[in-house]
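Subject: The structure I promised

Hi,

Here is the model we talked about, with my notes underneath. Have it open while you read.

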Amino acid sequence: MERALLLAEAAAAEGEVPVGAVVVRRSDDRIVGEGRNRREAARDPLAHAELEAIRNASRFLGGWRLSGCDIYVTLEPCPMCMGGIINARIDRVIFGAYDKKAGSCGSVADLSAYPYNHRPDVKGGVMEERCAALLKNFFAGKRNKKLNEIKIVKAETDDQLMRIAALADEIWHEYFPCIISEDQINYMVEKFCSFKAMKDNIKNENYSYYFVKKNGADIGYTAAKPDGDRLFLSKIYLKKEERGKKYSRRIIEFYEERCLNEGFVSMWLTVNKHNDSTIAAYKAMGFEISGEGVADIGSGYVMDDYYMEKIIGRN
Ligand SMILES: [Zn+2]
């Protein structure tokens, strides 16, 4: 398993999901085949560590039948690999971390329990902590890298505010048609997101407007204002193609830091009651529904909203 872990680390260094495997001949305890996940480099969905190790061992031993051999793998095999293990007649599968999403040794399915003509013995959870940590760190690193591309930059000059107004116009028109009418969108953009409205908000209510930038390009905007000892997040809008990538998490982190620095006890926002995906996303970031209200925004239009609040310092 130590050797399999080293192979998994090598995979991680190449940007592959870190999984390593070795095939060991029991008669002399010798490693006869090695493999690591190479799915990205090989552009091959079949390039899993176990299949690489099995192919490697078959070449080394000069035959497809690997009876008398065990396979050690850092992650519970998927159905494809377990199929390969059964077909290679491998005696035992020893794996490290459990795979609750794709494991075929009991986590999701248990292929070793089916009456195939060969049934390998299975032992899971060997050096589990180290095997699982490798995967966990790999995915955490990937997430952070992605989020670090996102910067929140305050809009200060008139020129910058005009760019935000243009962004708002674009985003609102592509975002809301399924929830509110075109006329209402036009009305709201004018009322809340025009250059003039923003200038008023900054002057009268101490609003701050920010660009959301990804590698230097404007991909959205956000705004907030103090509301007593709480911070009210009035807007977080991203362009269509940038949604669903968890970037709003980065923006919430930014506001959380602002709350900590400026002593706000919580931050809150409103979400349209029919906007299920957004409500779910905020819940996942630690917000809870704290109330609801129908706000009359004039000209016969109303906003039917939930209030959602996140207490600072609680996850
Ligand atoms: Zn696999």
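One definition before the notes: two residues are in contact here if their C-beta atoms, placed from the backbone, lie within 7 Å. With that in mind, helix 5 lies across strand 3 and strand 4, and runs at about 60° to strand 4. Please remember throughout that this is a predicted model.

**Overall picture**

The protein has 10 helices and 12 strands. What is its radius of gyration, set against that of a compact globule of 315 residues? The protein has 27 Å, while such a globule would have a value near 20 Å. The C-alpha trace spans about 80 × 35 × 35 Å along its principal axes. As for burial, 31% of the 315 residues count as buried. I also looked at contacts between residues at least 6 apart in sequence: 56% of them join residues at least 24 apart.

**The five-stranded sheet**

There is an open sheet of 5 strands with mixed pairing, in the order 2-1-3-4-5. Which strands sit at its edges? They are strand 2 (30-36) and strand 5 (121-123), each of which pairs on one side only. On average, and ignoring direction, neighbouring strands of this sheet are turned by 15° against each other.

Helix 3 (residues 49-61) packs on the sheet, where it touches strand 1, strand 2 and strand 3 (69-75). The direction of helix 3 makes about 140° with that of strand 2.

Now for the pairing of strand 1 (residues 20-25) with strand 2: the two run in the antiparallel sense over 6 bridges. R25 of this pair stands opposite R30 in strand 2, and V23 has G33 of strand 2 as its bridge partner. The hairpin formed by strand 1 and strand 2 has 4 residues between the strands, and D29 takes a positive phi near 55° there.

Past the other edge strand, G125 is in the loop between strand 5 and helix 5. G125 is partly exposed, since 14 other C-beta atoms lie within 10 Å. G125 and R30 are 95 residues apart along the chain, and their C-alpha atoms are separated by 22 Å.

**Helix 1 against helix 5**

Helix 5 turns up again here. Two packed helices are described by the angle between their axes and the distance between the axes. For helix 1 (residues 2-13) and helix 5 (residues 128-148), the angle is about 5° and the axes are 11 Å apart. Angles under 35 degrees count as roughly parallel, so helix 1 and helix 5 are roughly parallel to each other. Helix 1 brings L5, A8, E9 and A12 to the contact, and helix 5 brings R130, C131, L134 and F138. By type, the residues of this contact divide into 6 nonpolar, no polar and 2 charged.

**Loops worth a look**

Most residues other than glycine have a negative phi, and most peptide bonds are trans. Besides D29 in the hairpin, two residues in loops caught my eye on this point.

R89 is not a glycine, yet has a positive phi of about 65°. R89 is placed in the loop between helix 4 (79-87) and strand 4 (92-97). Is R89 buried, partly exposed or exposed? R89 is partly exposed, because 15 other C-beta atoms lie within 10 Å.

N215, also not a glycine, has a positive phi near 50°. N215 is in the loop between strand 7 (208-214) and strand 8 (217-227). N215 counts as exposed, because it has 8 C-beta neighbours inside 10 Å.

R89 has a further link, to S67, which is found in the loop between helix 3 and strand 3. Leaving aside residues up to four places away in sequence, S67 touches R89 and D91. Why does S67 count as exposed? S67 has 12 C-beta neighbours inside 10 Å, and a residue is exposed if 12 or fewer other C-beta atoms lie within that distance. S67 and R92 are 25 residues apart in sequence, and from C-alpha to C-alpha they are 9.2 Å apart in space.

That is everything from my side; over to you.

Best wishes

Conventions
Residues are numbered from 1 along each chain as its sequence is written. This is a predicted model: local features need pLDDT of at least 70, side-chain atom pairs count only at pLDDT 80 or more; totals for chains, interfaces and linings use all residues. The radius of gyration is taken over C-alpha atoms; the globule rule is 2.2 Å times the number of residues to the power 0.38. A residue is buried if 20 or more other C-beta atoms lie within 10 Å of its own, exposed if 12 or fewer, and partly exposed in between; C-beta atoms are placed from the backbone. Axes are lines fitted to C-alpha atoms, for helices over the stretch in contact, and angles run from 0 to 180 degrees between N-to-C directions. Angles under 35 degrees count as roughly parallel, over 145 as roughly antiparallel, 65 to 115 as roughly perpendicular and the rest as oblique. Ala, Val, Leu, Ile, Met, Phe, Trp, Tyr, Cys and Pro count as nonpolar, Asp, Glu, Lys and Arg as charged, and the others, Gly among them, as polar. Two strands pair if DSSP finds at least two bridges between them.
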